[in-house]
Amino acid sequence: MIDNLGAVSRSPQKSRRTVLSVPGSNPRMLEKAQGLDADEVFLDLEDAVAPDAKDAARDNVIRAVREGDWSGKTLAVRVNDWTTSWTHRDVVDVVSAVGDRLDALILPKAETAHHVAAVDLMLTQLETAHRLEAGRLRLEVQIESALGLQNIDSIATASARVETLVFGPADFMASLNMRSLVVGEQPPGYDVGDAYHYALMRILVTARAHGLQAIDGPYLQVRDVEGFRRAARSSAALGYDGKWVLHPDQIAVGNEVFAPAQDDYDRAEAILDAYAHSTSAAGGHRGAVMLGDEMLDEASRKMALVIAAKGRAAGLTRSQDPA
Ligand code: GLV
Ligand code: MG
């Protein structure tokens, strides 16, 4: 791909709108998740599993990956973070048993580049030992502490396996001593803006700087579908690729909110056509042109390319009679 001023330098990854979290300790949910309409499912060995249930959860997860039907979904396992005693067993046991069926591991609470490099090295050995395709297993890295956010650039570039940066609002709120217990909602008393804006924007900018996906974390009030919609719309508007979901109701809303809108797609294709014509010989080699009331130039074309690419990837086609 042409590295034109750093605009697009990596191949596009399979995009995800909804990433479903499933506790590894719950066999019923491991079964049910296979039939749900999330783009990605991750089987959790970390915070949704109690300390005494970690070993049993690992076995459940291995069985579910091996025996389940996960076709059509990106499949990942979230291991425990490096401050625990479980990470090495999670990585070794899971990848040895079902590494050929997984797309990615999710590393929570990444705080330094070493945390990422350590998983990368383990994966490289495991791939060799088990004759797995080298480098195929990807890493999704959660940024969810003050230190993780400070070190985000070196974390993002610590391994070529890193393909996604994920915001973890619950741990992030705890790390900052934020005075709120409602994950994803604004802390009461903070009336001057969005308390998560800095973290969300920093993660997004880092992801885009390195050609990675940016995924927003969970909204824990699972009965408050409108609250989830508000939070999802806000990160989608910033440019996030998708959001974690915890419940079937959140999946439907997340898929809708993160899908490219038909109107936006039509407009993007119209901009690309208008700009291609205006810069051609037939259009007089003009680098700036009016489309309706809007002045278009090369930057407009780049913005339109992003929306058109997302729409095409989602299977949209141009309306016969665009609005
Ligand atoms: C997710 O892991 C979070 O901490 O929000
Ligand atoms: Mg977390």
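# Questions about a predicted model

User: At 3% relative accessibility, does glutamate 144 count as buried or exposed?
Analyst: Good place to start, and keep in mind that this is a predicted model. The cut-off for burial is under 20% relative accessible area. Glutamate 144 has 3% relative accessibility, so the residue counts as buried.

User: Which residues coordinate the magnesium ion (ligand 2)?
Analyst: Look for the side-chain oxygens around the ion. The coordination distances are 2.0 to 2.2 Å, and the atoms are labelled OE and OD. They belong to Glu144 and Asp171.

User: How many residues apart in sequence are the parts that this pair ties together?
Analyst: Glutamate 144 lies in the loop between strand S5 (138-143) and helix H5 (146-150). Aspartate 171 is in helix H7 (residues 169-176). The pair therefore ties together parts whose separation in sequence is 27 residues.

User: Is aspartate 171 buried, partly exposed or exposed?
Analyst: Buried means under 20% and exposed means over 50%, with partly exposed in between. Aspartate 171 has 22% relative accessibility, so this residue counts as partly exposed.

User: In what order do the 8 strands close into a barrel?
Analyst: The pairing in this barrel is parallel. The twist averages 25 degrees from one strand to the next. One of the pairs is strand S1 (residues 18-23) with strand S2 (residues 40-44), joined by 5 bridges. Going round the barrel, the order is S1-S2-S3-S4-S5-S6-S7-S8.

User: Which residue in S2 is the bridge partner of proline 23?
Analyst: Strand S1 covers residues 18-23 and runs parallel to strand S2, residues 40-44. The bridge partner of proline 23 in S2 is aspartate 44.

User: Which side chains make polar contacts with the side chain of aspartate 241?
Analyst: Aspartate 241 is found in the loop between helix H9 (225-238) and strand S8 (242-245). At 10% relative accessibility, it counts as buried. Residues that aspartate 241 touches include Arg16, Gln213 and Phe258. Its polar contacts, of 3.1 Å and 3.4 Å, are with arginine 208 and lysine 310.

User: What is the phi of asparagine 177 near?
Analyst: Asparagine 177 is found in the loop between H7 and helix H8 (197-209). The residue is exposed, with a relative accessible area of 65%. Its phi is positive, in a residue other than glycine, and is near 60 degrees.

User: How far apart do the C-alpha centres of domain 1 and domain 2 lie?
Analyst: The domain assignment gives domain 1 as 12-257 and domain 2 as 262-313. The separation of their C-alpha centres is 35 Å.

Notes:
Residues numbered from 1 in each chain as written. Chains lettered and ligands numbered in written order. Predicted model: local features only at pLDDT ≥ 70, side-chain atom pairs only at ≥ 80, totals over all residues. Heavy atoms only, no water. Pairing = 2+ DSSP bridges. Helix = DSSP H or I, 4+ residues; strand = E, 2+ residues; numbered from the N terminus. Axes fitted to C-alpha atoms, helices over the stretch in contact; angles between N-to-C directions. Donors = N, O, S within 2.8 Å, 3.2 Å for Na, K, Ca; no water. Buried < 20%, exposed > 50% of the residue type's maximum accessible area, 1.4 Å probe, protein only. Domains from an automatic or database assignment. Polar contact = N/O pair within 3.5 Å; in protein donor to acceptor, adjacent residues only side chain to side chain. Contact = heavy atoms within 4.5 Å. Lists of a residue's contacts leave out its neighbours within four places in sequence.
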